[in-house]
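Please walk through this protein model with the structure open beside the text. The route goes from the overall fold to the core, then to the aromatic rings, the empty spaces and a few backbone details.

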Amino acid sequence: MLPELAASAATVETVRGQPCIRLTLPSGDSALVALHGAQVLSWVTSGRERLYLSPRAAWDGHSAIRGGIPVCWPQFNQRGPLPKHGFVRNLPWQPVPQDGKGDGGASQASVCLSLADSEATRAWWPEHFSAQLAVTLSAGALRTELQVRNTGEPVGDGARPWDFTTALHTYLRVDDVEHVRLSGLDGCARWDAVADVHGQQHGDVTFAGEYDRVFGAAAAPLHLCDGAHTLQITQSASLSNTVVWNPGSALCARLADMPPEGWRAMLCVEAAQIDQPVALAPGAHWQGWQELRVLTQVS
C-alpha cells in the first residue's frame, strides 16, 4: 500500500512495481525516492537527469537497485561480517509524518523515511537502532541526510554500544567518464583499492579504466566538471571519507545489473565514513549528509 503524504509537493507512485515518492518544484526540478532502501532513484534539474540508474537494475524488492543513491549501513562494502554494504538498502523503509513540513512551496520539497530494528534485521545484526533518511529538493540542489540512533536503553539488560561504517553511494550521470574531471581532492590521502596502494592525490582526478579509491575527505567542496556542466559536491564533517568509483569496461561487463557500456555514463562520488568506524553508546545518535548543487547550467 502506498503511503499518504501531507506535502502537496510530494506524490506517491509505483515504479517497476516499487512504491516511490516523487518530490517536485514549480521550476520543474524533481526527485524520485523508493521506499525500498530509502533510495533516491532520480534527480532532475534544468531538464537534465543528474543521477545514473542502470537500465538493468533489479526491481524485485529484495535486491539492491543499481544506481541512484543507495544507503550503505551499518557496513561499507565487505569490511565486516554483514552482507555487502550492509542490509538497509535491501529493506522497505516507511515515510515519517511531517505535518505539512515537507511542503516548502516554490523553494523546496522534502521527505523523510525511517527504518528500525526488527526480527529481520536482528537475523543479520543483533543491535537495537533507528535510522532516518531525509531527502530535500531545492532549486538546482539535492541534499540527503542520514541519521542513526542506538535505541538500546542506557540502563538495562542488553544495552551496549555498537559501531558502524556507512556511505551515501551516489551514482552521478555523466556524458562520458573519460572526459570528466573531479577537482578538490588535491593533497588528500588516498587508498587505491584496485592496486592496494596508499598515497596522496596530486591534482584533479581523471578516469581511464577501473577506478576505486578511498580519500580522506577534503574540507572544501568538490567540483565535477562534465563538459558545460559543473556539479558541486559537499559533505558533512561527520563523513570523513570520500569514495570515488567507476568499474571500467572489464568489471562492468561482469556486472549482471549493468549494461556493457554503462560505465561510461556514471561516476560514483560517495560521502562516507569508513576508515574510523563510528561508535554509538545506548541513547546516542549520529548524522551525516551530502549535498549536490548545479553550478553551471546550459539550455
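Of the 299 residues of the protein, 53% count as buried. The model is a predicted one. Its secondary structure comprises two helices and 22 strands. Along the principal axes, the C-alpha atoms fill a box of roughly 55 × 45 × 35 Å. How does the radius of gyration agree with that of a compact globule? For 299 residues, such a globule would have a value near 19 Å; the protein has 19 Å, so the two agree.

One residue serves as an example of the buried part. L182 lies in strand β14, residues 181-183. Its relative accessibility is 0%, which means that L182 counts as buried, since the cut-off is under 20%. T206 is 24 residues away from L182 along the chain, yet the C-alpha atoms of L182 and T206 are separated by 6.6 Å.

Now turn to the aromatic rings. A pair of aromatic rings is described by the distance of the centres and the angle of the planes. The whole structure holds 13 aromatic pairs. Take W73 and W162. Their centres are 5.9 Å apart and their planes meet at 75°, an edge-to-face pair. What does this pair tie together? W73 lies in the loop between β6 (71-72) and β7 (94-95), while W162 belongs to strand β12 (residues 162-168), so the pair ties together parts that are 89 residues apart in sequence. Both W73 and W162 are buried.

W73 has another partner in strand β12. The ring centres of W73 and F164 are 5.7 Å apart with the planes at 55°, so this pair is tilted: an angle over 60 degrees would be edge-to-face, and one under 30 degrees stacked. This contact also links distant parts of the chain, with W73 in the loop between β6 and β7 and F164 in strand β12, 91 residues apart. W73 and F164 are both buried.

These rings belong to a wider group. W73, F87, W124, W125, F129, W162, F164 and W286 form one aromatic cluster. Elsewhere, a charged side chain meets a ring. R143 lies over the face of W289, at 4.1 Å from the ring centre.

Stay with W73 for a backbone detail. A cis peptide bond joins W73 and P74, with omega about 0°. P74 is placed in the loop between β6 and β7. W73 thus appears both in the aromatic cluster and at the cis bond.

Next come the empty spaces. Rolling a probe the size of a water molecule over the atoms shows where empty space is left. How many cavities of 30 Å³ or more are there? The count comes to one. About 100 Å³ of space lies in this largest cavity. Its lining consists of R48, E49, R50, L172, R173, V174, L224, D226, H229, T230 and L231. The elements that give two or more residues to this lining are β5 (48-49), β13 (171-173), β18 (222-226) and β19 (229-235). The largest share, three residues, comes from β19. By class, the cavity lining divides into four nonpolar, two polar and five charged residues.

The open counterpart is the largest pocket. It holds about 550 Å³ of space. Its lining has 26 residues, and N77, K84, H85, H169 and W245 lie nearest its centre. Strands β17 (211-216) and β20 (241-246) each supply at least two residues of the pocket lining. This lining has 13 nonpolar, five polar and eight charged residues.

Two loop residues complete the tour. S46 has phi near 55°, a positive value in a residue other than glycine. S46 is found in the loop between β4 (39-45) and β5. Is S46 buried, exposed or partly exposed? At 35% relative accessibility, S46 counts as partly exposed. D196 also has a positive phi, about 55°, although it is not a glycine. Its place is in the loop between β15 (189-192) and β16 (197-200). The relative accessibility of D196 is 53%, so D196 counts as exposed, the cut-off being over 50%.

Technical notes:
Residues are numbered from 1 along each chain as its sequence is written. This is a predicted model: local features need pLDDT of at least 70, side-chain atom pairs count only at pLDDT 80 or more; totals for chains, interfaces and linings use all residues. Side-chain values use heavy atoms; hydrogens and water are left out. Rings of Phe, Tyr and Trp (its six-membered ring) pair if their centres lie within 6.5 Å; planes under 30 degrees apart count as stacked, over 60 as edge-to-face and the rest as tilted. Helices (H or I, at least four residues) and strands (E, at least two) are DSSP runs, numbered from the N terminus. Buried means under 20% relative accessible area, exposed over 50%, partly exposed in between (1.4 Å probe, protein chains only). A charge sits over a ring if NZ of Lys or CZ of Arg is within 6 Å of the ring centre and within 35 degrees of the ring normal. On a 1 Å grid over the protein atoms alone, a cavity is a set of points where a 1.4 Å probe fits but cannot get out, and a pocket is an open set with protein on both sides within 12 Å along at least five of seven lines; lining residues have an atom within 4 Å of a point. Grid points are joined across faces, edges and corners, and a volume is the space filled by probe spheres set on the points. Ala, Val, Leu, Ile, Met, Phe, Trp, Tyr, Cys and Pro count as nonpolar, Asp, Glu, Lys and Arg as charged, and the others, Gly among them, as polar. The radius of gyration is taken over C-alpha atoms; the globule rule is 2.2 Å times the number of residues to the power 0.38.
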